[in-house]
Amino acid sequence: MGASAGERAIVVLGLLPLFAAAIWLIVLREPHAAGASTRLLPAHAAEQREHIAQTARFVGVVVAGQDAELGAELGGEVVKAFKESGARVRKGEPLLQLAALSVVGARSMAVAQGVEDRSSLAAAKLDLENARDKVDRMLNAPNAYSARDVQSARADAARAAAQVEKLRGTAAVHRAGLERELARAAKQMVRAPFDGVLSARFLDVGDFVSAGQPLARVVDDTRFVRFALPADLHAHIQPGVSVNVLPNGSDLPLPATVVDVDPELDAAAGLGFVRARLPEAASGTRFMPGTRVEVSWDAATATLGGAR
């Protein structure tokens, strides 16, 4: 019995999805060169991501080779400032000038000592005059005094004259010493201890300071960056290794060479400290001591080198 036209149409429609699925499977199984290269890309990208992840990055702080904080020897007032913060300085160059508060006491001492010296000298001169008058009286009445008494009077006059000269010399020594102390107390000059940069000046003209108070800080031109590494990386880094230092606000890193690796770890934090020297070009304001920077290091290469 033959099938009707409607039944044949239903059968054809039912077989169409099967034919479409078969054709799709054949197409998928056919190898394509473009498809093979596409499958290689994810593996290459993963390798790049792994290399990036193995480049260690740490926060570091810029430090100077020499760093001197200058303090006041005496309490006083800042009367003159020769340099502003950030200025270059030479060794021995004046930075600040102070007028010590003790200048008032030194002047009072000088006045008091002068009064005492003048009083002592006046008394000695009076004794000398009396001794000389006595000698003159004895000489004018030779029959009233013995030769021995006259000789004794002359000796007293000579001692009085010597005492006057002694007090004059003592007074001169006192004046010289007090003038020296007065000059030292009156003007105190703060000078640069070495060539470098005045990184900070803590006071302005007119400010008062006490003895020992910090006045300014001078740093030299040598720059280092100090950073910490975890124990596993600290064990592989060596002096001479190159790291990259990136200051804030810059996209261009500078190379730095490791010069010091602390042999001991911080037991509490499990970190070891490293110091790397920056090139001479890093002595600008972007690398002032205390500046925070990012330090990057290809830890994967170093680890593989240590493993070999």
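## Notebook: strands, pocket and a few residues

**Entry 1: β2 and β9.** I began at A68, whose opposite number in β9 is V218. The model I am reading is a predicted one. I then looked up the strands around this pair. β2 covers residues 67–71 and β9 covers residues 214–219, and the two pair in the antiparallel sense over 5 bridges. Within this pairing I also noted L70, which stands opposite A216 in β9.

**Entry 2: the rest of that sheet.** Which strand order does the sheet with β2 have? I read it as β2-β9-β7-β4, an open sheet of 4 strands with antiparallel pairing. β2 and β4 (88–89) are its edge strands, and each of them pairs on one side only. I followed β9 to its other partner in the order. Strand β7 (residues 196–201) is joined to β9 by 4 bridges, and the two run antiparallel. There I picked out A200, whose bridge partner in β9 is R217.

**Entry 3: the chain as a whole.** I stepped back for the overall counts. The protein has 6 helices and 14 strands. Of its 308 residues, 28% are buried. I looked up contacts by separation along the chain: among those with a separation of 6 or more, 74% are between residues 24 or more positions apart. The accessible surface is about 19,700 Å², and carbon and sulfur atoms hold 58% of that surface.

**Entry 4: a second open sheet.** I turned to the sheet that holds β5. This sheet is open, has 4 strands in the order β6-β5-β3-β8, and is antiparallel in its pairing. β6 (188–191) and β8 (208–209) are at the edges, and each has a single partner strand, so one side of each lacks a neighbour in the sheet.

**Entry 5: β5 and its partners.** I checked both sides of β5. On one side, strand β3 (residues 76–81) and strand β5 (residues 94–100) pair in the antiparallel sense over 5 bridges. I wrote down two of the pairs: A81 is opposite L96 in β5, and K80 is opposite Q97 in β5. On the other side, 4 bridges join β5 to β6, again antiparallel. L96 turns up here too, with V190 as its bridge partner in β6. I could thus follow L96 to A81 and to V190. How many residues of β5 are buried? I found 6 of the 7, so the rest of the structure largely encloses this strand.

**Entry 6: the largest pocket.** I looked up its volume, which is about 190 Å³. The lining of this pocket has 12 residues, and A110, Q113, G114, A171 and R175 are those nearest the centre. I asked which helices contribute to the lining. α3 (103–140) and α4 (147–186) each supply at least two of its residues. By class, I have 5 nonpolar, 3 polar and 4 charged residues in the lining.

**Entry 7: W297 and A56.** I went to W297 in strand β14 (residues 292–298). Is W297 buried or exposed? Its relative accessibility is 4%, so W297 counts as buried. I then looked for a residue far off in sequence and took A56. The two are 241 residues apart in sequence, with their C-alpha atoms 5.1 Å apart in space. A56 belongs to strand β1 (residues 55–64). With a relative accessible area of 10%, A56 also falls under the 20% limit and is therefore buried. From A56 I took one further distance. V243 is 187 residues away along the chain, and the C-alpha atoms of A56 and V243 are separated by 9.9 Å.

**Entry 8: L252.** My last stop was a loop residue. L252 lies between β11 (242–247) and β12 (254–261), in the loop. Its relative accessibility is 62%, which is over the 50% limit, so I have L252 down as exposed. What does L252 touch, leaving aside its neighbours within four places in sequence? I found L246 and P247 in contact with L252.

Key:
Residues numbered from 1 in each chain as written. Predicted model: local features only at pLDDT ≥ 70, side-chain atom pairs only at ≥ 80, totals over all residues. Heavy atoms only, no water. Buried < 20%, exposed > 50% of the residue type's maximum accessible area, 1.4 Å probe, protein only. Contact = heavy atoms within 4.5 Å. Areas by Shrake-Rupley, 256 points an atom, 1.4 Å probe, with all protein chains shown as cover. Pairing = 2+ DSSP bridges. 1 Å grid on protein atoms, 1.4 Å probe; cavity = no way out; pocket = protein on both sides within 12 Å on 5 of 7 lines; lining within 4 Å. Points joined across faces, edges and corners; volume = space filled by probe spheres on them. Nonpolar A, V, L, I, M, F, W, Y, C, P; charged D, E, K, R; others polar.
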